[in-house]
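Please open the model in your viewer and keep the selection panel at hand. The tour below proceeds from one selection to the next.

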Amino acid sequence: MVYPDSEKIRLGGYATAEKLDSLSCMSGRILSPEDRTHLLRMMRRQTPSPVHRRMNTLLLLDDGWAAERVAEVLFIDVETVREHRRLYQASGVTGVERLKYEGSEPALNAEQLEALGAELDVRLYMTAKAVCGFVERTFGVEYTPHAMAKVLKRLGFVYKMPKKVPAKANEDAQRKFVAETLGPLMKAANDHTPLYFVDGTHPSYTAHAAYGWIRKGETRELKSNHGRQNVNINGALSWPGREFVHRQTGRITSAEMILLFKDLQARHPTASAIRVVLDNARYNHSKEIKAWLACDDCRVELIYLPPYAPNLNLIERFWWLFKKSTIYNEYFPTFADFKAAVDGFFAGLDDYRDKILSLITDKFHFIGKFNPQAP
């Protein structure tokens, strides 16, 4: 902010609250006393630069400076100084503080923008430059990538990665399964007919990099191990209680699944039936499993998910929380350290109770929609 020499002396570098009233009385060529006091106060705040420049201009003019001298000191042209004065005379302080940008007419009309949006809904372009190529080929209009990025944001598009899903996932089959089978089972779950979601996870002893806040321009390194060792965990998550049962084993097999089912039966000695939702892994359809299910003392009923629908297995959300809280972006010098971190998570599940209740709900996300492809 630039002041005339006399103003610098009066302000002592910056206007104080006590000086503002006296300064307002020493003016009067352009501004009203009230407006001058207001502008002096606003100059001390973080106002947008164009507004700041207008205020500075008016204050200098109000001190009796010639328009030419104001333009020279503020590095603007004389006509701009006069425009700021006319703006104040026409609209007052409100007009001075208002920023109103009127852009030029868009190069693409509304119909063309709608067509561009439809194209981006069915085809995935990796760069704004690639979108520029489509626009030039289709409409004969040239854009720079920077300008195109602004257009895409105005159309409601953001730059992000697609989510990978199984190629054979079927959204209609998933919706039907939830409506006709899974939904009713979840509503009917109680102590007499408990419901569990079952699946295993196999975190490996290596680096598990995930997103995180890193200083711009810097690279954060995460030490990695060979990854040949892992922990196999077979788990069952109850609904609606969200209680967790798990076993650690060298390998998840049909025999291991039967042991987990027996653990569930032991937890519910009076239950008439224990419903278990699980995927279509081979060991879940084995002869050993079928033979055990046919035993007289077996109270476990298996409900198989539709093929390629891990999104319907609530325990997958639990595994995500486990990995995020335990191994993502963490380096473990030894496998023993890694194993201790895994065991520590399960030992302290009570600390994650609120997160589990919030994360694991009866709301499902369906996958298997049309996936746009790159051109």
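Which residues have the most contacts inside the largest nonpolar core? In this predicted model, they are Phe197, Phe318 and Phe346, within a core of 37 residues. To display the surrounding framework, select helix H10 (171-188), strand S1 (195-201), strand S2 (232-239), helix H13 (315-326) and helix H14 (335-347); each of these elements supplies at least two residues of this core. Apart from this core lies another, of 22 residues, and Leu40, Leu61, Val70 and Tyr88 are among them.

Return next to Phe318 and show its surroundings. When neighbours within four places in sequence are left aside, Phe318 is in contact with Leu237, Phe244, Phe345, Phe346, Leu349, Ile356 and Ile360. Is Phe318 buried or exposed? Its relative accessibility is 1%, so Phe318 counts as buried, the limit for that class being under 20%.

The aromatic rings come next. The structure holds 17 aromatic pairs. Select Phe244 together with Phe318: the ring centres are 4.1 Å apart and the planes meet at 20°, so this pair is stacked. Phe244 belongs to strand S3 (residues 244-249) and Phe318 to helix H13, so that the pair links distant parts of the chain, 74 residues apart. Phe244, with a relative accessible area of 13%, is buried.

Keep Phe244 selected and add Phe346. These two residues also form a stacked aromatic pair, with 5.6 Å from centre to centre and 10° between the planes. Here too distant parts of the chain are linked: Phe244 in strand S3 and Phe346 in helix H14 are 102 residues apart. Both Phe244 and Phe346 are buried.

Which residues do ring pairs link into a cluster with Phe244? Extend the selection to Phe318, Trp319, Phe322, Phe345, Phe346 and Tyr352, which ring pairs join with Phe244 into a cluster.

Two charged side chains over rings merit a separate view. Select Arg69 and Trp65: the charged end of Arg69 sits over the Trp65 ring, 3.7 Å from its centre. Then select Arg317 and Phe364, where the charged end of Arg317 sits over the ring of Phe364 at 5.6 Å from the ring centre.

The final stop is the second largest pocket, whose volume is about 790 Å³. Its lining comprises 27 residues, and Lys163, Lys164, Pro310, Asn311 and Glu316 lie nearest its centre. Which element provides the largest share of the lining of this pocket? Select H13, which contributes 5 residues.

Note on methods: Residues numbered from 1 in each chain as written. Predicted model: local features only at pLDDT ≥ 70, side-chain atom pairs only at ≥ 80, totals over all residues. Heavy atoms only, no water. Core = buried A, V, L, I, M, F, W, Y, C linked by side-chain atoms within 4.5 Å. Buried < 20%, exposed > 50% of the residue type's maximum accessible area, 1.4 Å probe, protein only. Helix = DSSP H or I, 4+ residues; strand = E, 2+ residues; numbered from the N terminus. Contact = heavy atoms within 4.5 Å. Phe/Tyr/Trp six-rings, centres within 6.5 Å; stacked < 30°, edge-to-face > 60°. Lys NZ or Arg CZ within 6 Å of the ring centre and 35° of its normal. 1 Å grid on protein atoms, 1.4 Å probe; cavity = no way out; pocket = protein on both sides within 12 Å on 5 of 7 lines; lining within 4 Å. Points joined across faces, edges and corners; volume = space filled by probe spheres on them.
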